[in-house]
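Trainee: I've got a structure open and I'd like to learn how to read it. Can we go through it together, feature by feature?

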Amino acid sequence: MFNIVLVEPEIPQNTGNIIRTAAATGCRVHLVKPLGFDISDRALKRAGLDYWHLTDFIVYENLDEFFAKISADGKNCWFASTKAARRYDDVPFEEGDYILFGKETKGLPEKLLFENYQNTIRIPMIEEARSLNLSNSVAIIVYEALRQHGFGALKESGHLTQF
C-alpha cells in the first residue's frame, strides 16, 4: 500500500477521482487543508462513486500536522512537481511511501520542494504543456509504484461474462 497525499486540493471532482483510484489500488489518501471544497461536497462523492467504503482517508489541518504525524514511521516522502529534475520512474518506491501532490493551480510550495529536492519527481511531458490533470498524475505515479512491487494483491486478470 502507498499513501497519496493531496496538499490543499481545490477541485472536488479531482479528489473524488483520486479517492476512486486509491480504493481500486488499496492506497490511503491524506488530505491537507485548506481544502477547496466541503468534504461532503456532492461532486466529490459523485466522482468517488460507490468506492468510499473501500478507502481510508485522513484529513490534516496543515502540512506541519501531516509531517508531525508521519515522522516516526520512517517511510519516504516523494514530492510530485513539474519543477523536478528526476523522473517518477527513476526512483525506488517502497511500500508505505508517501507521494505528495500539490493544489491544481500552484502545485506544492516551492520552499517544500527546495528542502526536499532529492525526493522531488516529475512526469515527462512536452515543454509547452504546463501540467497534467491532478487525478491523472496521481494514477500514473501510483501505478508505477505498484508495478515496482508486482502490483501486490491487486487482481491481475478478468473474465468475460457473455461468452
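Trainee: Let me start with the pocket: which element gives the most to the lining of the largest pocket?

Mentor: Before that, keep in mind that this is a predicted model. As for your pocket, helix α5 gives the most to its lining, with 3 residues. The elements that supply two or more residues there are β7 and α5.

Trainee: How much space lies in that largest pocket?

Mentor: About 480 Å³. Its lining has 24 residues, and the closest to the pocket's centre are S81, T82, G107, S131 and L132.

Trainee: S81 is a handy landmark, then. How far is the C-alpha atom of E110 from that of S81?

Mentor: The two C-alpha atoms are separated by 9.5 Å, while the residues sit 29 places apart along the chain. E110 belongs to helix α4, which covers residues 110-115.

Trainee: Is E110 buried or exposed?

Mentor: For that, look at the relative accessible area: under 20% counts as buried and over 50% as exposed. E110 has 53%, so it's exposed. Now try K103, in the loop between β6 and α4. Its value is 19%, so K103 counts as buried.

Trainee: And what is K103 in contact with, leaving aside its neighbours within four places in sequence?

Mentor: With V7, E8 and E10.

Trainee: Now the sheet. What holds strands together, in general?

Mentor: Strands of a sheet pair through backbone hydrogen bonds, and they can do so in a parallel or an antiparallel way. In your structure, there's an open sheet of 7 strands with parallel pairing, and its order reads β3-β2-β1-β6-β4-β7-β5.

Trainee: Which strands stand at the edges?

Mentor: β3 (56-60) and β5 (86-87). Each has a single partner strand, so one side of each is left without a neighbour in the sheet.

Trainee: Can we walk across the sheet pair by pair? How many bridges join β1 to β2?

Mentor: There are 5, and those two strands run parallel. You can pick out the partners yourself: N3 has R28 of β2 as its bridge partner, and I4 stands opposite V29 in β2. On we go: β1 pairs with β6 in the parallel sense over 4 bridges, and L6 faces F101 of β6.

Trainee: What comes after β6 in the sheet order?

Mentor: β4 comes after β6. β4 and β6 run parallel and are joined by 3 bridges. β4, residues 77-80, also pairs in the parallel sense with β7, residues 120-122, over 2 bridges. Find F79 and look both ways: L100 of β6 stands opposite F79, and so does T120 of β7.

Trainee: Which helix packs on the sheet there, touching β4 and β7?

Mentor: That's α5 (residues 134-148), and it touches β1 and β6 as well. Its direction makes about 160° with that of β6. Helix α1 (residues 12-25) lies across β1 and β2, running at about 170° to β1.

Trainee: How do I judge the length of α1?

Mentor: Set its span against the one expected at 1.5 Å a residue. α1 has 14 residues and reaches 20 Å from its first C-alpha to its last, close to the expected 20 Å. Just after α1 comes G26, which has a positive phi, near 80°.

Trainee: How many residues of α1 are buried?

Mentor: 10 of the 14, so α1 is largely enclosed by the rest of the structure. Among those buried are P12, I18, I19 and A22.

Trainee: And how many residues are buried in β1?

Mentor: 5 of the 5, so β1 is largely enclosed by the rest of the structure. Check its two faces: N3, V5 and V7 are buried on one side, I4 and L6 on the other. β6 has both faces covered too, with Y98 and L100 buried on one side and I99 and F101 on the other.

Trainee: What about β2, how many of its residues are buried?

Mentor: In β2, 4 of the 5 residues are buried, so that strand is largely enclosed by the rest of the structure.

Notes
Residues are numbered from 1 along each chain as its sequence is written. This is a predicted model: local features need pLDDT of at least 70, side-chain atom pairs count only at pLDDT 80 or more; totals for chains, interfaces and linings use all residues. Side-chain values use heavy atoms; hydrogens and water are left out. Two strands pair if DSSP finds at least two bridges between them. Contact means heavy atoms within 4.5 Å. Axes are lines fitted to C-alpha atoms, for helices over the stretch in contact, and angles run from 0 to 180 degrees between N-to-C directions. The expected span of a helix is 1.5 Å times one less than its number of residues. Buried means under 20% relative accessible area, exposed over 50%, partly exposed in between (1.4 Å probe, protein chains only). On a 1 Å grid over the protein atoms alone, a cavity is a set of points where a 1.4 Å probe fits but cannot get out, and a pocket is an open set with protein on both sides within 12 Å along at least five of seven lines; lining residues have an atom within 4 Å of a point. Grid points are joined across faces, edges and corners, and a volume is the space filled by probe spheres set on the points.
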